[in-house]
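Got your viewer open? Load the model, and let's take a walk through it together.

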Amino acid sequence: MKDRLMTKYLAIPLWIGLIWPTWLWADELLQPVSLPVAVLAVPTDVLHDYHQFLLDRNPLLIDDFSGQGSRRDVVELVLIQQALFLGGWEEGLSLQVSDSYLRTNKLLEHGSIAATATTVWSKDVASNQHLLMSAQMVRAGDFFAGLYVRADHPILQLQRIPNHDEVKQLSLISSKQWTVDWQTLQLLDFAKLHSISSWSGMYGSVIKGRVDALLAPFQAGQDMALLVEGERLLPIPHYKVALNDSRVYAVSAAFPHAKEMLRALDKGIEHLRGAGQIEKAYQQAGFINMQVSDWRVVRP
């Protein structure tokens, strides 16, 4: 895969080659670059971890997805760049911070941004006539999340595996905007379920002890810890939640080059999947995690 990316990278026109590796990004206070660009929406925390993960590397040539900052959202930001490149997309890209799922959808509907930089549930895209969906990155039935609590939570201090009733007594936080997550948690009938619009608000509520747990993809590392604001959240052992929908990138139908972008993206995803790059990235980021292969699946 790296050889294929390098070969294609060396073959493109010089002006693209000079710009593409830097992947210029702009937040809402910066003016877009002068060249034609497609703006991708990215949450603040993902962008922060992406820069930690990237260091001085060219995202197009990354073939090792392990290391600091690596997680599902971060590797998806790398993979969309590789997919567009492999698919023949030759316009510039920039990143714009957007931390609200609802606001990101509004920006997509109006064509203010071209696409999401990380994946979303396909059901959300299919129900919105203003959006187009890419080929699947995560197939339905392949998405499992952990129930993450503070490292000092009492349920982790038990000298045994928590029973099902003890897990169900936890209070959880998610977002009603995340339809698949929310509907799944409602059906699972936890003791209390709270909604907040932002990811930072979710993990902040867990860190401050206002709620017990949140759903999060499994992380890399032996303990699969989710590190946020200097705190460690850990998954409740031997329990994982099945979220039964596929994950895709959302493309704005109002973006002037939407069809060209979608064509390039789908072609690139096909290349990446055929080369095993998608599965490899998700494994090295901890999202596809063999440590939880025999854990109990909590289903609605």
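Let's begin with the walls of the largest pocket: the lining residues split into 18 nonpolar, 11 polar and seven charged. Keep in mind that you're looking at a predicted model.

**Stop 1: the largest pocket**

How much space lies in this pocket? About 690 Å³. The lining has 36 residues, and the ones to select are Pro-43, Arg-72, Asp-73, Trp-178 and Trp-199, which are the closest to the pocket's centre. Now colour the elements around them. Strand 1 (37-42), helix 3 (44-54), helix 4, helix 5 (101-110), strand 4 (120-121), helix 9 (199-207) and strand 9 (213-217) each put at least two residues into this lining.

**Stop 2: the second largest pocket**

Next, select Asp-49, Gln-52, Gly-69, Arg-71 and Leu-227. Of the 21 residues that line the second largest pocket, these lie nearest its centre. Helix 3, helix 9 and strand 10 (226-228) are the elements giving two or more residues to that lining. Which of them gives the most? That's helix 3, with four residues. The space here comes to about 510 Å³, and the lining divides into seven nonpolar, nine polar and five charged residues.

**Stop 3: helix 3 against helix 4**

Keep helix 3 selected and add helix 4 (residues 72-86). Helix 3 and helix 4 pack at an angle of about 75 degrees, and their axes are 9 Å apart. Angles from 65 to 115 degrees count as roughly perpendicular, so that's the word for helix 3 and helix 4. To see where they touch, show Val-46, Asp-49, Tyr-50 and Phe-53 on helix 3, which meet Asp-73, Val-74, Leu-77, Val-78 and Gln-81 on helix 4. Sorted by class, this contact has six nonpolar, one polar and two charged residues. You've met two of these residues already: Asp-49 was beside the centre of the second largest pocket, and Asp-73 was beside the centre of the largest pocket.

**Stop 4: helix 4 against helix 10**

Hide helix 3 and bring up helix 10 (residues 258-274). The angle between helix 4 and helix 10 is about 105 degrees, with 7 Å between their axes. That makes helix 4 roughly perpendicular to helix 10 as well. On the helix 4 side, pick Leu-79, Ile-80, Gln-82, Ala-83, Leu-84 and Leu-86; their partners in helix 10 are Met-261, Ala-264, Leu-265, Gly-268, Ile-269, His-271 and Leu-272. Count the classes and you'll get 10 nonpolar, three polar and no charged residues.

**Stop 5: helix 4 against helix 11**

Last swap: trade helix 10 for helix 11 (residues 277-284). Which way do helix 4 and helix 11 run, roughly parallel or roughly antiparallel? They pack at about 155 degrees, with axes 9 Å apart. Angles over 145 degrees count as roughly antiparallel, so helix 4 and helix 11 are roughly antiparallel to each other. The crossing is right-handed. Select Arg-72, Val-75, Glu-76, Leu-79 and Gln-82 in helix 4, then Gln-277, Ile-278, Ala-281 and Tyr-282 in helix 11, and you have the residues that meet. This contact has five nonpolar, two polar and two charged residues.

Methods: Residues numbered from 1 in each chain as written. Predicted model: local features only at pLDDT ≥ 70, side-chain atom pairs only at ≥ 80, totals over all residues. Heavy atoms only, no water. Axes fitted to C-alpha atoms, helices over the stretch in contact; angles between N-to-C directions. Parallel < 35°, antiparallel > 145°, perpendicular 65-115°, else oblique. Left-handed = near helix turned anticlockwise from the far one by under 90°. Contact = heavy atoms within 4.5 Å. Nonpolar A, V, L, I, M, F, W, Y, C, P; charged D, E, K, R; others polar. 1 Å grid on protein atoms, 1.4 Å probe; cavity = no way out; pocket = protein on both sides within 12 Å on 5 of 7 lines; lining within 4 Å. Points joined across faces, edges and corners; volume = space filled by probe spheres on them.
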